[in-house]
Number of protein chains: 2
Amino acid sequence: MGESQEENKTLTIADIADALGVSKTTVSRAISGKGRIGSETRERVLKYIDAHNYTPNVIAKSLAQNKTYNLAVVMPGDYELIDLPFFQNCIMGIQEIASSFDYDMLLTVCNNADVTKLERIVHNRKVDGVILLRSFMNDVQVEYLQKKNIPFVVTGSSNYKGVVQVDNDHRAACRELTSILLMKRMKKIALIGGNEEHVVTQSRLMGFKDAFADSGTAVDESLIYMNLDNPVLLDGKLDDIIKREVDCIVCMDDAICMEVLYKLRREGISVPDQIRVASFYNSSMLETHDPSITSLDFDAKELGMLVCRTLLDMIEGQKVQKKTLLGYEVRLRESTK
Amino acid sequence: MGESQEENKTLTIADIADALGVSKTTVSRAISGKGRIGSETRERVLKYIDAHNYTPNVIAKSLAQNKTYNLAVVMPGDYELIDLPFFQNCIMGIQEIASSFDYDMLLTVCNNADVTKLERIVHNRKVDGVILLRSFMNDVQVEYLQKKNIPFVVTGSSNYKGVVQVDNDHRAACRELTSILLMKRMKKIALIGGNEEHVVTQSRLMGFKDAFADSGTAVDESLIYMNLDNPVLLDGKLDDIIKREVDCIVCMDDAICMEVLYKLRREGISVPDQIRVASFYNSSMLETHDPSITSLDFDAKELGMLVCRTLLDMIEGQKVQKKTLLGYEVRLRESTK
DNA sequence: CTGAAAGCGCTTACAG
DNA sequence: CTGAAAGCGCTTACAG
């Protein structure tokens, strides 16, 4: 009796203990690998588990250990379409690492203005840690998480003290690309940037200025146009920029770059003959564009993987590096010939 | 004594019971609203909870109720870039509904060939139900979920029996758009489709054929090109199609449509003067394209919301409609003038 | 209307 | 090396 194998009845640790004539403690130890246990006993338990296709109840484990084996990933709600591949690849990277450690990923969408979704998740104790996919100069999410003292990592850079961050080295990348443009004897370079509230915008701006400093040239501040993530505003400014007959337009991101290219086409201005164009970011759009557009290239998936690994380390209580910078590549293409 | 309010100590139901001099049972009932309880007692408990910022421990609740308050959303791993906004909007819709019912969304990426990630989640009992963002003619995920007898809903259509599905009415939409093209006296219409394994591809094909049947015209099967999601293959076939001097090219999705437009531009063939173009799907790419491209428009966010609502109903044990069809809009633009 | 008690399926001091 | 027992924070028959 009791020997029948009902496939549907989900096994518990108690069932296994009964079947094997050992205690639940022993079974638990065999599974977790913690605590002393005879290797022969362990083998027996493991073999039984394997044969009967047992999986521990993660919820019960969670309650006992006060851990959820879940990560929250916060995606900004106001993304540009063109940024989607970046987030997506990043998420793929996170997923890959998380699941390999038996963690799951709880995705939520938040605007910087509205953190209630994040609050709910944290307050409900549904996650062991949080990944922010974007950060702001004034970041309500960061402040909330710091206050709550919950492990979190920012994808990108943060100006807040003590925040663990993993980023590509945007500053160095923009510096290098800008230097190349300067070396190609472009004098009047216009820089068009988006939301100044994004930390990455600031990094890019600094990299741009670094290059000028390196070359001993003064930056013409009047050629730096910021906060032009709105297409209508941008369009107006572009009329100015075109009138000023710049050698090159450098766009801080691809959403802006696409608008610029669209405008130039409408105005019948040819790239690169009449004006050069480059972008500080790289979507596949730019690569297949005609002409192809010079840009910077970052590996979003790798970034996601590292962010996730860092967060898991923090959760396990290991020391982690405050700030990790990943590489980049400069893609010189036809638009700056 | 015991009156000090330590902000950091997380309250439990037992603390509240103690403080109020009632039993845990009573507190639980006041919170859940289940079971008989005096309204005065309930008020007292609720007031205390509110004042002390108590949130129930969802994990403990999960264990007791054998429910997780989590949903899994499975995103295909082999998506086209251009489809990303669809998935994203869908996910936004799901999120919105889920969180309003205090459910969270566990996102995972799976190829049809590899369901191990999904299996892990289900096996670990981390979710109460699953949403599949895409389905296949032969769908390992569907088969797995059916076998496991776990509530799930498919976004899109499924040919499997008994699967709950929410979809836009692709067939009717394609029928209507095709009918319009036929009425505009286009005779030779080439249809270019992607992966025949996707259920939606079949629906679109049927809609296309419906329109011909309606108009009493025979479909020229030789003008129907399928499985051309590979750009290189597509390019070759397009040479054929161009040679055959069709009036119009209808693309089953926007990835294909972009390739077609790219090819036509390279060949110096003007749209719509020399050839008309339409797409059975609508990305923002087509709208801003020059010329703008006639296409079908679906509301992905609405779809996501309804899918999620349906799944939640299933989880709560309510009867749900086997198949729900949502509307669409035909966007006639310059490319079929 | 209310409460004592058992239970959900694990983990983990503690004792041996 | 192994086990009995308490505990994680809820829910829910059952009894009153």
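P291(A) sits in the loop between α12 (284-288) and β10 of chain A, where helices (H or I, at least four residues) and strands (E, at least two) are DSSP runs numbered from the N terminus. This is a predicted model, in which local features need pLDDT of at least 70, side-chain atom pairs count only at pLDDT 80 or more, and totals for chains, interfaces and linings use all residues. Residues are numbered from 1 along each chain as its sequence is written, chains are lettered from A and ligands numbered from 1 in the order in which they are written, and side-chain values use heavy atoms, with hydrogens and water left out.

**Exercise 1. Look at the peptide bonds before P291(A) and P272(B), and find where P272(B) lies.**

Step 1. Start with the bond from D290(A) to P291(A): it is cis, with omega near 0°.

Step 2. Now switch chains. The bond from V271(B) to P272(B) is cis, with omega near 5°.

Step 3. Place P272(B): this proline belongs to the loop between α11 (254-266) and β9 (276-279) of chain B.

**Exercise 2. Work out how β10 of chain A pairs with β9 and β12.**

Step 1. Strands pair if DSSP finds at least two bridges between them. β9 (residues 276-279) and β10 (residues 294-297) of chain A run parallel and are joined by two bridges. Within β10(A), T294(A) is the bridge partner of A278(A).

Step 2. Turn to β12 (residues 329-331) of chain A, which pairs with β10(A) in the antiparallel sense over three bridges. Here S295(A) has R331(A) as its bridge partner.

**Exercise 3. Which residues of α3(B) are buried, and which are exposed?**

Step 1. Check the length. Helix α3 (residues 39-51) of chain B has 13 residues and should span 18 Å at 1.5 Å a residue, and its end C-alpha atoms are indeed 18 Å apart. The expected span is 1.5 Å times one less than the number of residues.

Step 2. Sort the residues, taking buried as under 20% relative accessible area, exposed as over 50% and partly exposed as in between (1.4 Å probe, protein chains only). V45(B), Y48(B) and I49(B) are buried in α3(B). They cover an arc of only 100° around the axis, so they are on the same side of α3(B); the arc is that of the directions from the helix axis to the C-beta atoms.

Step 3. Look at the other side of α3(B): E40(B), K47(B), D50(B) and A51(B) are exposed there.

Step 4. Find the packing partners, with contact meaning heavy atoms within 4.5 Å. The buried residues of α3(B) pack against α1 (13-20) and α2 (24-32) of chain B.

Step 5. Step just past the end of α3(B), and you meet N53(B), with a positive phi of about 55°.

**Exercise 4. Describe the surroundings of V73(B).**

Step 1. Locate V73(B) in strand β1 (residues 70-76) of chain B.

Step 2. V73(B) counts as buried because its relative accessible area is 0%.

Step 3. List its contacts, leaving out residues up to four places away in sequence: V73(B) touches I91(B), I94(B), M105(B), L106(B), L107(B), T108(B), I131(B) and L133(B). The C-alpha atoms of V73(B) and L133(B) are separated by 7.1 Å, although these residues are 60 apart along the chain.

**Exercise 5. Are R125(A) and N149(B) exposed or partly exposed?**

Step 1. R125(A) is in the loop between α6 (116-123) and β3 (129-132) of chain A. R125(A) is not a glycine, yet its phi is positive, near 55°. Its relative accessibility is 22%, so R125(A) counts as partly exposed.

Step 2. N149(B) lies in the loop between α7 (140-148) and β4 (152-155) of chain B. N149(B), also not a glycine, has a positive phi of about 60°. With 68% relative accessibility, N149(B) counts as exposed.
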